[in-house]
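I opened this notebook to record what I looked up in one chain. The entries follow the order in which I consulted the coordinates.

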Amino acid sequence: MAKYSSEKVTINQPAEAVFSRLTNIADFKNRLDTVPEEARKHLEGLKFGDDSIIINAPGVGDLEFRVIEKREPELVKLGASNSPVPFDITIHLTPETAASTLAQAEINLELPAILKAMVGGKLQEAANQFGNMLPKMFA
């Protein structure tokens, strides 16, 4: 399995609150209109269903993710339900202070070795973009 990790980013909320919101996808859908316009620009391409996050991936189309594993307050794993290859995004959460959390996104997928060289850079870029988007989801 190939793994691509983002840099760690700080979310200005306690780990328990971040975990709760990440595992309650309907909450994001309900709060999207309250996100400041500047932060909303960074969320373009994301759609929220009642229990899924839909990401538009160029060349692939819409990928729908659902929570498939969770360990409070340190891990949330989102599995792609309609991907051509087994694929998940794992979000690692570490309390930084009582009011902030370090988060790191990790993309894991079954990828033939021959394709790793061709798409590895794009997948690393996607992991970095997802990681950078996390704090904006909590703006």
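**Entry 1. Contacts and the chain overall**

I began with contact order: among the contacts in the chain with a separation of 6 or more, 52% are between residues 24 or more positions apart. I took contact to mean heavy atoms within 4.5 Å. I note that this is a predicted model, in which local features need pLDDT of at least 70 and side-chain atom pairs count only at pLDDT 80 or more, while totals for chains, interfaces and linings use all residues. Residues are numbered from 1 along each chain as its sequence is written, and side-chain values use heavy atoms, with hydrogens and water left out.

I then looked up the secondary structure and found four helices and eight strands in the chain. Helices (H or I, at least four residues) and strands (E, at least two) are DSSP runs, numbered from the N terminus. I wrote down their order from the N terminus as β-β-α-α-α-β-β-β-β-β-β-α.

**Entry 2. Dimensions, surface and charge**

For 139 residues, a compact globule would have a radius of gyration near 14 Å, and the chain agrees with this at 15 Å. That radius is taken over C-alpha atoms, and the globule rule is 2.2 Å times the number of residues to the power 0.38. The C-alpha trace spans about 45 × 30 × 25 Å along its principal axes.

I recorded an exposed area of about 7600 Å² for the chain, of which carbon and sulfur atoms supply 52%. Accessible areas come from the Shrake-Rupley method with a 1.4 Å probe, and for residues only the protein chains shown count as cover. Buried residues make up 41% of the 139 residues; buried means under 20% relative accessible area, exposed over 50%, and partly exposed in between (1.4 Å probe, protein chains only).

I also looked up the charges: the mean positions of the 15 positive and 19 negative charges lie 1 Å apart. Lys and Arg count as positive and Asp and Glu as negative, with His and the chain ends not counted. Each charge is placed at NZ of Lys, CZ of Arg, CG of Asp or CD of Glu.

**Entry 3. Arg66 and Ser52**

I found Arg66 in strand β5 (residues 61-71). Arg66 counts as partly exposed because its relative accessibility is 29%. Its side chain makes a polar contact of 2.5 Å with the side chain of Asp51. A polar contact is a pair of N or O atoms within 3.5 Å; within protein, one must be able to donate a hydrogen and the other to accept it, and residues adjacent in sequence count only if both atoms are side-chain atoms. Beyond four places in sequence, Arg66 is in contact with Asp51, Ser52, Lys77, Leu78 and Gly79.

I followed this to Ser52, in the loop between β3 (46-48) and β4 (53-57). Ser52 counts as buried because its relative accessibility is 2%. The side chains of Ser52 and Glu64 are joined by a polar contact of 2.9 Å. Among the residues that Ser52 touches more than four places away in sequence are Ile25, Phe65 and Arg66.

**Entry 4. Thr90 and Asp88**

Which side chains make polar contacts with that of Thr90? I found Asp88 at 3.1 Å and Asn108 at 3.4 Å. Thr90 lies in strand β7 (residues 87-97), as does Asp88. Thr90 is buried, with a relative accessible area of 2%, and Asp88 is buried at 9%.

Leaving aside neighbours within four places in sequence, I listed Leu75, Val76, Lys77, Gln104, Ala105, Glu106 and Asn108 as contacts of Thr90. For Asp88, the corresponding contacts are Lys77, Leu78, Gly79, Glu106, Ile107 and Asn108.

**Entry 5. Arg21**

Is Arg21 buried or exposed? I found Arg21 buried, since its relative accessible area is 14%. Arg21 is placed in helix α1 (residues 15-23). A polar atom of its side chain lies 3.4 Å from the backbone oxygen of Met137. Not counting residues up to four places away in sequence, Arg21 touches Gln13, Asp27, Phe28, Arg31, Met137 and Phe138.

**Entry 6. A cis peptide bond**

I closed with the peptide bond from Glu72 to Pro73, which is cis with omega near -10 degrees. Most peptide bonds are trans. Pro73 is found in the loop between β5 and β6 (75-80).
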